[in-house]
Amino acid sequence: MAIRDLREFLKFLDTQGELLTIDKRVDPHLEIGAVGYLTRLDKAVLFTKVKGSDKTVAMNVLGTRKRIALALGTTEEGLTEKLSEGIANPIQPKLVSDGPCKENILKGKKVDLNIFPIPQWNEKDGGRFIDFSNVITKDIETGVQNAGMYRIHVKGKNKTSIYVADRQHIGRHYKKAKEGGRKTLEMAVVFGLEPVTNLMGPCPTEYGLNELELAGGLRGEPVEVVKCETVDLVVPATAEIVLEGKIPIGVHETEGPFGEFTGYYS
């Protein structure tokens, strides 16, 4: 049986001595980012008390080859073979009627990103960023979804910006929507994911492949998905949080800077 969700994986990491739980209150403004930097090559970290929120924060969940191997049910030495085999044998997602991500649904004026302890990770960042999510969009011609890992800059209680580069698959979706006369591109931001599905977001896959199918191949069983509430997309049912929205075509704002994993701001 594949790992079902993030909570199950965190419990598993704890049994393997791979999780550091911090019960002392931490500040999402710079402090979480600092702890994450100091522990980046060590254990995954779970913050149970975050200033200004009743939510917990997990980070560095897939920060080492060992934890990636644990997520995939293999060894560090077997990673390449496991990845190759899973990607070569994709499994279609399974549509279900309900899931944990539907437990609490907020729409309209009730939408408020400030209920989540979204950090400002680095001193010179342009603000708070969601940086370990899967961003789901789809090709308006083929209908095939893509899941990618793109940084999300929080701009207000119900507004974010997203860095869309032409070379990325989301950039191709955006271009097709623009050329097709669309006014918006539908998007879902999914975080707090089961680790294998989360892992597929940043993987450099061929355009036109649905990462949720590849995740199924790696899991050895389908990823359960549910329909979104306000956009025509499907998302992993066991996700902790799903943000639904639309990217307005032709609207641009200043985004960033953001401290990248390379140690430089972009």
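**Exercise 1. Which strands does helix α2 lie across, and at about what angle does it run to β3?**

Before the solution, note that this is a predicted model in which local features need pLDDT of at least 70 and side-chain atom pairs count only at pLDDT 80 or more, while totals for chains, interfaces and linings use all residues. Residues are numbered from 1 along each chain as its sequence is written, and side-chain values use heavy atoms, with hydrogens and water left out.

*Solution.* Step one is to fix the elements: helices (H or I, at least four residues) and strands (E, at least two) are DSSP runs, numbered from the N terminus. Step two is to find the sheet, in which three strands stand in the order β1-β2-β3, open and with mixed pairing, where two strands pair if DSSP finds at least two bridges between them. Because β1 (19–22) and β3 (57–59) each have a single partner strand, they stand at the edges, and one side of each is left without a neighbour in the sheet. Neighbouring strands here are turned by 15° against each other on average, direction ignored. Step three is to place the helix: α2, residues 31–38, lies across β1, β2 and β3 and runs at about 30° to β3. Axes are lines fitted to C-alpha atoms, for helices over the stretch in contact, and angles run from 0 to 180 degrees between N-to-C directions; contact means heavy atoms within 4.5 Å.

**Exercise 2. Describe how β1 joins β2, and then examine the loop residue L30.**

*Solution.* Begin with the pairing: β1 and β2 (residues 44–47) run parallel and are joined by four bridges, and I22 has F47 as its bridge partner in β2. Next, go to the loop between β1 and α2, where L30 is found. The phi of L30 is near 75°, a positive value in a residue other than glycine. Finally, L30 is partly exposed, with a relative accessible area of 28%; on this scale buried means under 20%, exposed over 50%, and partly exposed in between (1.4 Å probe, protein chains only). A positive phi is also found at N60, near 60° and again in a residue other than glycine, and N60 lies in the loop between β3 and α3 (65–72).

**Exercise 3. Work out which strands pair with β10, and whether β10 is enclosed or open.**

*Solution.* First, take β6, which runs antiparallel to β10 and is joined to β10 by three bridges; within this pair, I136 stands opposite A188. Second, take β13, whose pairing with β10 is also in the antiparallel sense, over eight bridges, with P248 as the bridge partner of T184. Third, count the buried residues: six of the eight residues of β10 are buried, so this strand is largely enclosed by the rest of the structure.

**Exercise 4. Compare the surroundings of S133 and L193, two loop residues.**

*Solution.* Locate S133 in the loop between β5 (129–130) and β6 (134–138), and L193 in the loop between β10 and α6 (195–200). S133 is buried at a relative accessible area of 0%, and L193 is buried at 3%. Although 60 residues apart in sequence, L193 and S133 are 7.8 Å apart in space, C-alpha to C-alpha. Now list the contacts, leaving aside residues up to four places away in sequence: S133 touches G148, M149, Y150, I152, V189, V190 and F191, whereas L193 is in contact with L6, N134, N198, P236 and A239.

**Exercise 5. Identify the buried residues of helix α5 and the elements against which they pack.**

*Solution.* In α5 (residues 169–179), the buried residues are H169, I170, G171, H173, Y174 and A177. They pack against β6, β7 (145–148), β9 (159–162), β10 (184–191), α7 (211–219) and β13 (241–248). Just after the helix, G181 takes a positive phi of about 80°. As a last step, turn to T205 in the loop between α6 and α7, which counts as buried at 15% relative accessibility; beyond its neighbours within four places in sequence, T205 is in contact with H169, M200, E211 and L214.
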